[in-house]
Structure formats: C-alpha cells, structure tokens
Amino acid sequence: MKRISVVILNWNGREMMRRFLPSVVKYSRDEADVIVADNASTDGSLDMLAREFPEVGTLRLDRNYGFAEGYNRALAQLPTEFYLLLNSDVEVTEGWLTPLLRYMDAHPEVAACQPKLLSEARRDMFEYAGAAGGYLDRFGYPYCRGRVMDTVERDRGQYDRPASVFWATGAALMVRRSDWDAAGGLDARFFAHMEEVDFCWRLRARGRGVVCLPESRVYHVGGGTLNKSNARKTYLNFRNNLLMLYKNLPDEELAVVMRVRRVLDYVALVKFALTGHTADARAVLRARKEFASICHDFDDARRENLRLAVAGPIPERARGSLLWAYYALGRRTFDQLARSRKFRP
C-alpha cells in the first residue's frame with residue numbers, strides 16, 4: 001500500500017466518475033492508491049468501476065451515510081499515512097500530489113492541506129467551494145482567497161503563495177492519518193456541509209496547521225451533489241454552521257456571537273422571502289429550530305474541544321464581520337479585506 005490513499009466518496013455519481021476518474025488515475029497512481037468508497041449507490045456505479053476502472057479499489061458501504069460518516073467509515077479501513085479526500089467532480093493535473101506530499105514531509109506541524117481549486121467550466125476562475133484556502137469571520141461566515149461571498153475572482157497568480165488557512169476544502173483535502181484520528185474525523189451528525197470547516201477548526205484550535213499549496217492545481221465542477229440554490233443545502237449550511245459555532249467558540253465569545261447570529265439569520269430569512277425564495281426562507285427557520293432542539297447534544301464535544309484547545313486566538317479567524325465589510329464597505333476580494341486589521345491573518 002502506498003503512503004497516500006486518494007478516496008472518492010460516491011453516491012450515484014457514475015457519470016461524474018466516468019468523466020473525471022481518468023485524470024485521477026493517470027496523475028495519482030504512481031504516488032497513491034485510488035479508492036472509491038460507495039455510499040450504497042443505485043445507479044450502477046460499482047459495475048461501471050469494475051468494467052472501466054479495474055485498477056481502482058472500492059469500499060462498499062451498506063447505506064448512504066452522507067459525506068461525513070461515509071468518509072469516517074471508509075477511512076477507518078485504510079492504514080495509509082495520508083488520506084486525500086477528493087470529490088468525484090474534480091479533475092486533477094499532472095504532478096498534483098508531489099508538492100502536497102513534499103510540503104507535509106517538510107512540515108510535521110501541519111495536519112492538512114489543499115491544492116488551488118479552479119473552476120472546471122471557466123478554468124481561469126477560482127472555484128467557489130475552496131479557491132485558494134478558506135478563512136472564517138467572527139460570526140462564522142466562511143470566505144476564501146479568491147472567493148468572498150458571491151464574488152469569485154479570476155486567477156491571475158495573486159494567491160500563488162502557500163498560505164496558512166483556517167480551513168481546507170473537503171473537495172480536495174489531504175490530511176495525516178494521525179491527525180484525522182486524533183481529532184476524531186468528521187462530525188457524522190452534520191451529514192454534509194460545513195463538516196470540513198468544523199474539522200479544521202478542531203485542528204487549528206489544537207495548534208495544528210492547515211495550509212493551501214497553490215503549486216498543486218485541480219479543477220472542480222462544484223454543486224455536483226446539491227445545487228447551490230437547493231433548500232436542503234440552505235438548511236444544512238445554516239444548521240451546521242450554528243452547530244459548528246456552538247461546538248468550538250470560546251466561552252467568552254459564545255453568547256455574543258450567538259445573539260448576533262440570531263439577528264443575521266432572521267435578516268437572511270426575510271431577504272429570501274422578499275425575493276421569492278420561500279423554500280430557502282423556510283429552510284433557515286427549520287435550521288434555527290433544529291439547532292435550538294439539538295445543540296445540547298453537542299455539549300460533550302464542546303467541552304472536549306475547549307479542553308484540548310491551546311491558548312490564544314486562531315490567526316486565520318477574522319475579528320471582524322464579513323457581511324459588514326462586504327456589503328457596507330464594499331470589500332469584495334480577499335486582498336481588499338486584508339487591508340483591514342480585523343481581517344489580516
């Protein structure tokens with residue numbers, strides 16, 4: 001078995017894999033084992049893999065466990081030194097693994113890393129999901145080098161330097177097995193969305209590094225499982241974001257941040273309703289109610305996270321409000337945000 005396992009979690013993604021697996025196999029097989037973990041697909045995915053990609057390993061899960069638990073169950077069966085979680089809608093490029101492995105070998109203090117993510121459809125543009133590494137504002141809103149809110153930048157090499165980040169995208173996430181195990185993997189209760197941000201928050205709070213290495217480049221379709229305007233995605237994003245904050249915020253911040261988020265979430269609900277997105281408005285309300293109902297189920301995880309956290313703030317978590325900077329001050333790119341002391345890592 002090689003040092004890296006590139007693991008693609010699949011659920012009814014036969015055509016995506018048929019389209020993108022050739023690049024993964026071609027450019028990964030010298031350094032990694034390529035494995036598909038299947039969440040009980042019903043579209044003939046496994047039959048297709050056996051016929052067309054016999055060199056790809058498979059792990060069969062007995063039902064659809066979602067992104068988080070699907071990966072937890074799959075990776076528990078793989079004793080490799082590094083895991084690389086890769087979406088089925090990602091096209092990789094020649095030599096993409098080399099700078100990731102080289103950097104991780106040279107920096108034992110770093111737990112996880114990601115390549116630069118560009119759009120598969122518009123290949124000179126950053127991709128929404130992860131771009132060149134992710135950050136978080138004070139109130140839990142994520143943003144990236146190359147993507148702030150709905151403003152996605154053209155890649156002009158402006159973020160080609162390696163950078164410490166708050167979170168690495170789950171679309172292409174390399175992590176040491178030892179750190180994965182120590183942090184407990186992904187939180188299966190999230191099912192999907194925000195789980196990689198929560199995971200990386202645990203890593204950073206415990207003093208472990210997360211970086212983006214733009215020397216490695218991949219192209220991501222994005223929205224391959226749920227459309228960006230899908231109400232279920234809205235529900236999961238709002239609910240899981242609140243749960244993530246509850247699990248990880250220091251005691252001195254929790255009450256204030258949650259009060260502000262209550263106001264901001266209801267502003268978002270009203271905006272959805274007034275613009276005709278009634279399903280999304282209902283999804284926000286459902287997320288708030290679900291959070292209130294289940295948040296105390298996460299008390300043990302919160303106590304554990306705070307117990308293991310090292311002293312001091314995480315530099316890549318901004319001290320300001322992304323919504324204020326973006327909408328009120330007109331700061332639409334990462335570099336514009338970084339001019340403010342509150343957003344400077």
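Let me begin with one residue, Ser28, which sits in helix H1. I should say at once that what we are looking at is a predicted model, and that everything I describe today was computed from it. At a relative accessibility of 1%, Ser28 counts as buried, and once residues up to four places away in sequence are set aside, the residues that Ser28 touches are Val34, Val92, Trp96 and Leu97. For a sense of distance, the C-alpha atoms of Ser28 and Asp105 lie 18 Å apart in space, while 77 residues separate the two in sequence.

From there I would like to widen the view to the helix itself. Helix H1 covers residues 14-28, which makes 15 residues, and from its first C-alpha to its last it reaches 20 Å, close to the 21 Å expected at 1.5 Å a residue. That end-to-end value should be read together with a kink of about 45° at Phe20, a position shortly before the proline Pro22. Phe20 is also among the buried residues of H1, a group made up of Met17, Phe20, Leu21, Ser23, Val24, Val25 and Ser28.

What, then, covers the buried residues of H1? The cover includes three helical or strand elements from the earlier part of the list, namely strand S1 (4-10), strand S2 (32-38) and helix H2 (45-52), and it also includes strand S4 (82-86), strand S5 (90-92) and helix H4 (97-106).

Just ahead of this helix, in the loop between S1 and H1, we find Asn12. Asn12 has a positive phi, about 55°, although it is not a glycine, and with a relative accessible area of 29% it is partly exposed.

Strand S2, which I named as part of the cover over H1, holds Ile35. Is Ile35 buried or exposed? Its relative accessible area is 7%, and Ile35 is therefore buried, since the cut-off for that class is under 20%. Beyond its neighbours within four places in sequence, Ile35 is in contact with Ser5, Val6, Val7 and Ile8, with Val56, Gly57, Thr58 and Leu59, and with Leu78. Asp124, by contrast, is 89 residues from Ile35 in sequence, and the two C-alpha atoms are 29 Å apart in space.

Let me now move further along the chain, to helices H5 and H6. The loop between helix H5 (177-183) and helix H6 (195-205) contains Phe191, another residue other than glycine with a positive phi, in this case near 65°. Phe191 is partly exposed, at a relative accessible area of 29%. In helix H6 we meet a second phenylalanine, Phe199, and this one is buried, with a relative accessible area of 0%. If we leave aside neighbours within four places in sequence, Phe199 is in contact with Leu173, Val175, Trp180, Ala183, Gly185 and Leu186. Between Phe199 and Ala328, which are 129 residues apart along the chain, the C-alpha separation is 31 Å.

I also want to say a word about the cysteines. How many disulfides does the model contain? The count comes to 0. For Cys113, the closest cysteine sulfur is that of Cys212, at 8.8 Å, which is too far for a bond because a disulfide needs two sulfur atoms within 2.5 Å. Cys144 is likewise in no disulfide, its nearest cysteine sulfur being that of Cys212, 9.2 Å away. Cys113 is buried at 0% relative accessible area, and Cys144, at 0% relative accessibility, counts as buried too.

Finally, let me turn to the chain as a whole. Its secondary structure comes to 12 helices and 13 strands. The radius of gyration is 19 Å, close to the 20 Å that the globule rule gives for 345 residues, so the chain is as compact as a globular protein of that length. Along its principal axes, the C-alpha trace spans about 55 × 40 × 40 Å. Of the 345 residues, 57% are buried, and the chain exposes about 15,100 Å², of which carbon and sulfur atoms supply 51%. As for how the contacts are distributed, if we take those between residues at least 6 apart in sequence, 76% join residues at least 24 apart.

Note on methods. Residues numbered from 1 in each chain as written. Predicted model: local features only at pLDDT ≥ 70, side-chain atom pairs only at ≥ 80, totals over all residues. Heavy atoms only, no water. Helix = DSSP H or I, 4+ residues; strand = E, 2+ residues; numbered from the N terminus. Expected span 1.5 Å × (residues − 1). Bend = angle between axes of the 7 residues up to and from the residue. Buried < 20%, exposed > 50% of the residue type's maximum accessible area, 1.4 Å probe, protein only. Contact = heavy atoms within 4.5 Å. Rg over C-alpha atoms; globule rule 2.2 N^0.38 Å. Areas by Shrake-Rupley, 256 points an atom, 1.4 Å probe, with all protein chains shown as cover.
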